[in-house]
Amino acid sequence: MANPDRSLHPVNLPADWAPDSWRARPATQMPVYPDAAALQEALRELRALPPLVTSWEIIALKQHLADAQEGKRFLLQGGDCAESFSECNSDVISNRLKVLLQMSLVLVHGLRLPVVRVGRFAGQYAKPRSTDDETREGVTLPSYRGDIVNAPGFTAAERVPDPRRMIKAHARSAMTMNFVRALIDGGFADLHHPEYWDLRWVGHSPLADEYHRMVASIGDAVRFMETLSGSQVHNLNRVDFYTAHEALLLPYEEAQTRQVPRQWGWFNLSTHFPWIGMRTAALDGAHVEYFRGIRNPIAVKVGPSATPDALMKLIDVLNPEDEPGRLTLVHRMGATQIGSKLPALLDVVRREGRRVLWVCDPMHGNTESTANGYKTRRFGNIRNELEQAFELHAVAGTRLGGVHLELTGEDVTECLGGARELTESDLVRAYRSTVDPRLNYEQALETAMLIVRKQAQ
Ligand code: PEP
Ligand code: MN
């Protein structure tokens, strides 16, 4: 179908695509709902509920990501590995926002570039798992697949996929979104008041001291400019925040895929910026089929098994017209593999002249288990992968345009190392993630400072 508003968005709708065409492809990581009628009823209800985001916001973000592809902005994407229904509360949401705002201030100040802020929140409820079942002490149950599917408790009843959870996830996402929007509109992100972003539980911390010195010098600069101009500097009192989640549970995503008056094509209106996880990025799989037809900017996780040839085929399917801002590639290789796996991918994309935003996720390739049974990540490995990423892009003549992180504003001990040198015995104290380990406040700030240092080199 020809695009009537070609001047705005020069892409063609794939003729053979529909919001449900993914159903003809192999769909991995999908739960099997025992009650088909209840599933249909939940999906019918979801299709009628209002969207969580608008097409205007989605198009604005796509433009920001297009700028990032040209080196004019830097993407900061972060949040929980998985949100949980029980932690949809004001402290968790505002603390996470505080950490992201502090990190983005460090980045804006150090990189001298606007930062595109994207939260892994307001919909990050579905999780891919490496096995369909989990066995504990001889008992085998279906794996926990995120609160949108089943519950984390290890009982048969809690592990049954329940379609009503999709309605609850939609409602929790709307509440999260509403609170974030209200905070930002009300002035929470105002650069005149960075004290709003201080975390109550953080005591003395050398990194926080460094951050506060930087904030004080920015405050001086703002006041100086305002004295000169005799008025408030505009645009410093609000920032844009966008949402992202792994669009894993396709029935849920399909139900929120809509056409919008006066806009051409289909939008996923459950989030601004959905991504395809590494485990569901097969070229002929259901997830790639679903993603190729939506107008949102999209991301794909790229792991160590990706070959240059397979990556080019994926780019051809997901962004056939090389549309600016459309495609982000998030490499997550691990500190030990990035050096051997990433360069060939960077080279082929650059040689073929394809437009992508390269982003580093230094978390997911560095997951390990400790002797005392915790899933953790060493901050040293995370730092090392990120440093190598900057260096490898510099050598390849490509640009690392953003980071994708798992972090929280809660006082947790989930990743080892960092400024407080957390050790295996510290994990017991405050390990709260039901899925992957997250950076805590200091580890997150340290990461932002590291990015600034590496970009300056
Ligand atoms: C994630 O982002 O939580 C995740 C599962 O990542 P990946 O698909 O890269 O393993
Ligand atoms: Mn994760």
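In this predicted model, the shell around ligand 1 is made up of three nonpolar, two polar and five charged residues. The members of that shell are Cys81, Pro128, Glu246, Gly277, Met278, Arg279, Lys301, Arg332, His364 and Asp436. Several of these names return below, and it is helpful to keep the list at hand.

A UniProt annotation from an unreviewed entry, "binding site", covers Cys81, His364, Glu406 and Asp436. These positions are spread over 356 residues of sequence, yet they cluster in space, with a largest C-alpha distance of 9.9 Å. Cys81, His364 and Asp436 also appear in the list of residues around ligand 1. His364 is placed in the loop that runs between strand S11 (357-360) and strand S12 (368-369). With 21 other C-beta atoms within 10 Å, His364 is buried, because 20 or more such atoms are enough for that class. Glu406, for its part, belongs to strand S14, which spans residues 400-406. Glu406 is likewise buried, having 26 other C-beta atoms within 10 Å. Once residues up to four places away in sequence are set aside, Glu406 touches Asp80, Cys81, Met363, Asp436, Arg438 and Leu439. Among these contacts, Cys81 and Asp436 share the annotation with Glu406.

The unreviewed UniProt entry also places the feature "binding site" at Arg120, Lys301 and Arg332. Of these, Lys301 and Arg332 are listed around ligand 1. Arg120 sits in the loop between strand S2 (115-119) and strand S3 (133-136), and counts as buried with 27 C-beta neighbours inside 10 Å. Apart from neighbours within four places in sequence, Arg120 is in contact with Gln77, Gly78, Gly79, Asp80, Ala244 and His245. Asp80 is thus a contact of Arg120 and also one of the residues touched by Glu406. Arg332 is found in another loop, the one between strand S10 (327-331) and helix H10 (338-351). Arg332 is buried too, with 23 other C-beta atoms within 10 Å. Beyond its neighbours within four places in sequence, Arg332 makes contact with Met278, Lys301, Gly303, Asp361, His364 and Gly365. Three of the residues just named, Met278, Lys301 and His364, are also in the shell around ligand 1.

Strand S9 (residues 298-302) holds Val300. Val300 is buried, with 24 other C-beta atoms within 10 Å. Not counting residues up to four places away in sequence, Val300 touches Trp275, Ile276, Ala281, Leu314, Leu318, Leu329 and Val330. By contrast, the C-alpha atoms of Val300 and Arg262 are separated by 29 Å, these residues being 38 apart along the chain.

Two backbone details deserve a friendly pointer for anyone inspecting torsions. Arg112, although not a glycine, has a positive phi of about 55°. Arg112 lies in the loop between helix H3 (90-111) and S2, and counts as exposed, with 10 C-beta neighbours inside 10 Å. Glu421 is not a glycine either and has a positive phi, of about 50°. The loop that carries Glu421 runs between S14 and helix H12 (441-456). Glu421 has 9 other C-beta atoms within 10 Å and is therefore exposed, since the limit for that class is 12 or fewer.

Terms used. Residues numbered from 1 in each chain as written. Chains lettered and ligands numbered in written order. Predicted model: local features only at pLDDT ≥ 70, side-chain atom pairs only at ≥ 80, totals over all residues. Helix = DSSP H or I, 4+ residues; strand = E, 2+ residues; numbered from the N terminus. Contact = placed C-beta atoms within 7 Å. Near = placed C-beta within 6 Å. Nonpolar A, V, L, I, M, F, W, Y, C, P; charged D, E, K, R; others polar. UniProt positions renumbered as here; feature names shortened; annotations may be inferred.
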